[in-house]
Amino acid sequence: ELCSGKLIHELEEERRLRLESEKRLREVTVESELSRTQMVSLQQQFSRMEETVRSLLQNQGPLEQTAVDTMDIMNAYKDKLSEEVRKQKESMEEVTLVADEESPSEGSGTEEERDKTKSLLD
């Protein structure tokens with residue numbers, strides 16, 4: 001009888017740990033996909049910015065004016081990049097919050113799962 005109770009406890013603990021691991025895996029997968037998507041977007045923006053700079057440099061007149069305009073362009077890009085990074089951080093925080101809200105609480109388990117555990121022990 002004592003052995004059976006210990007086994008039930010160990011099975012429940014193992015199931016709880018497995019559910020926690022699965023939950024964390026889902027969260028990390030979502031975060032990873034979001035980060036990948038945002039990185040691709042930033043790379044595309046950077047490529048467009050490089051093209052713009054190249055185009056402007058080719059069409060500029062005097063060298064001094066070109067230097068000033070290039071600095072303006074790069075500062076504008078830096079501001080845009082900082083804004084994108086800020087948005088990405090906010091998105092990551094939201095994803096984590098949503099994942100926490102949507103995942104089942106630790107103690108929850110369907111009756112069916114508990115019945116299966118019991119029948120295994122019988």
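How many residues apart are Glu 22 and Arg 18, and in which helix do they both lie? They both lie in helix 1, four residues apart, which is about one turn of the helix. Keep this pair in mind while the tour sets out the whole model.

**Before you select anything**

What you have open is a predicted model, in which local features need pLDDT of at least 70 and side-chain atom pairs count only at pLDDT 80 or more, while totals for chains, interfaces and linings use all residues. Residues are numbered from 1 along each chain as its sequence is written, and side-chain values use heavy atoms, with hydrogens and water left out.

**The whole protein**

Show the protein as a cartoon, and you will find three helices and zero strands, running α-α-α from the N terminus on; here helices (H or I, at least four residues) and strands (E, at least two) are DSSP runs, numbered from the N terminus. Next, colour by pLDDT, the predictor's confidence in each residue, from 0 to 100. The mean for the protein is 78, and 68% of its residues reach 70 or more. Confidence is lowest in helix 3 (residues 111-121), at a mean of 56, and highest in helix 1, at 91. Where pLDDT is low, the predicted coordinates should not be read in detail.

Now turn on the surface, whose accessible area comes to about 9800 Å², with 57% of it belonging to carbon and sulfur atoms; such areas come from the Shrake-Rupley method with a 1.4 Å probe, and for residues only the protein chains shown count as cover. Of the 122 residues, 13% count as buried, where buried means under 20% relative accessible area, exposed over 50%, and partly exposed in between (1.4 Å probe, protein chains only).

**Helix 1 from end to end**

Select residues 2-59, the 58 residues of helix 1, and compare the ends: at 1.5 Å a residue the helix should span 86 Å, and its end C-alpha atoms are 85 Å apart, which agrees. The expected span is 1.5 Å times one less than the number of residues. Among the buried residues of this helix are Arg 15, Leu 42 and Val 53.

**Gln 38**

Which residues does Gln 38 touch, not counting those up to four places away in sequence? Select Gln 38 in helix 1, and you will see that it touches Gln 88 and Ser 91, contact meaning heavy atoms within 4.5 Å. Gln 38 counts as buried because its relative accessibility is 17%.

**Salt bridges along helix 1**

The structure holds 10 salt bridges, each being a side-chain nitrogen of Lys or Arg within 4 Å of a carboxyl oxygen of Asp or Glu. Return first to Glu 22 and Arg 18, whose closest N and O atoms are 3.2 Å apart in a salt bridge. Glu 22 counts as partly exposed at 34% relative accessibility, and Arg 18 counts as partly exposed at 41%.

Then select Glu 20 and Arg 16, whose side chains meet in a salt bridge (2.3 Å, N to O), and which also lie four residues apart in helix 1. Glu 20 is partly exposed, with a relative accessible area of 30%, as is Arg 16, at 26%.

For the last stop, select Glu 31 and Arg 24, which form a salt bridge with closest N and O atoms 3.8 Å apart. Glu 31 counts as buried at 16% relative accessibility, whereas Arg 24 counts as partly exposed at 40%. Finally, add Glu 13 to Arg 16 and Glu 20, since salt bridges that share partners join Glu 13, Arg 16 and Glu 20 into one network.
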